[in-house]
Amino acid sequence: SNAVRTSSNSWQFSARATLSPAQGIKFPIFGKLQSTLTFNLSISQKYTKSENNQVQTGEWSTTSERTDFTVMPRISYSFSSNINGGLQARWQDSNDKTRYQKSHVRELGIWVEIRF
């Protein structure tokens, strides 16, 4: 018979900052608009490893071993309730050590919302 064991560890860091000028920002056409700028940052890493044990030999052999590292910043802004927008990104590196495969994800998104 076989025995199976899986181990994993992970960590995550998150931070958030918001800036909002009390006086607002003056625009020539629109006048004074209240604005808010929010910055979020998330960084995480995950490691997992699975092993099998043959009872006859008593030795553990690795069946899978993987690491994932991700950085995700997000910036959003709003000028009054009518104009909102933002930027979000993802930087992810994965390494599957048992299959000798590495993958990289680079993602960037920009969005704007204007309400009339």
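**Salt bridges, strand pairing and a nonpolar patch**

The structure holds seven salt bridges, and they make a handy way into this predicted model. In general, side chains of opposite charge can pair when their charged atoms come close. One such contact joins Glu51 to Lys49, with N and O 3.8 Å apart. Glu51 is buried, at a relative accessible area of 12%, while Lys49 is partly exposed at 21%. This pair does not stand alone: Arg5, Lys49 and Glu51 are linked in a network of salt bridges. Arg5 has another contact to its name, as its charged end sits over the ring of Trp60, 3.9 Å from the centre of that ring.

Two further salt bridges can be picked out. Arg66 and Asp68 meet through their side chains at 3.2 Å, N to O. Here Arg66 is partly exposed, with a relative accessible area of 33%, whereas Asp68, at 17%, counts as buried because the cut-off for buried is under 20%. Glu113 pairs with Arg115, and the closest N and O atoms of these two are 2.8 Å apart. Both ends of this bridge are partly exposed: Glu113 has a relative accessibility of 29%, and Arg115 comes in at 46%.

Next come the strands. Strand 1 (residues 2-19) runs antiparallel to strand 4 (residues 35-54), and 18 bridges join them. Leu19 has Leu37 of strand 4 as its bridge partner. On to the next pairing: strand 4 also lines up with strand 5 (residues 60-79), again in the antiparallel sense, over 19 bridges. Leu37 turns up here too, standing opposite Tyr77 in strand 5, and Thr38 stands opposite Ser76 of that strand. Strand 4 and strand 5 make a hairpin with five residues between the strands, where Gly58 takes a positive phi near 75 degrees.

Strand 5 carries the pattern on to strand 6 (residues 83-96), with twelve bridges in an antiparallel pairing. Tyr77 has Gly85 as its bridge partner in strand 6. These two strands also form a hairpin, this one with three residues between them, and Ser80 in the turn shows a positive phi of about 60 degrees.

A positive phi appears once more further along the chain. Most residues other than glycine have a negative phi. Tyr100 is not a glycine, yet its phi is positive, at about 55 degrees. Tyr100 lies in the loop between strand 6 and strand 7, and with a relative accessible area of 76% it is exposed.

As for the rings, a search of the whole structure turns up zero aromatic pairs. Rings do have charged company, though. Besides Arg5 over Trp60, the charged end of Arg106 sits over the ring of Trp91, 3.4 Å from the ring centre.

That leaves the surface. Leu87, Leu108, Ile110, Val112, Ile114 and Phe116 form a nonpolar patch there, and together they offer about 740 Å² of accessible area. Strand 7 (residues 101-114) gives the most to this patch, with four residues. One of the patch residues, Ile114, has its place in strand 7.

Note on methods. Residues numbered from 1 in each chain as written. Predicted model: local features only at pLDDT ≥ 70, side-chain atom pairs only at ≥ 80, totals over all residues. Heavy atoms only, no water. Patch = residues over 30% accessible without salt bridge, like charges linked within 9 Å, V, L, I, M, F, W, Y side chains within 5 Å. Areas by Shrake-Rupley, 256 points an atom, 1.4 Å probe, with all protein chains shown as cover. Salt bridge = Lys/Arg side-chain N within 4 Å of Asp/Glu carboxyl O. Phe/Tyr/Trp six-rings, centres within 6.5 Å; stacked < 30°, edge-to-face > 60°. Lys NZ or Arg CZ within 6 Å of the ring centre and 35° of its normal. Pairing = 2+ DSSP bridges. Buried < 20%, exposed > 50% of the residue type's maximum accessible area, 1.4 Å probe, protein only.
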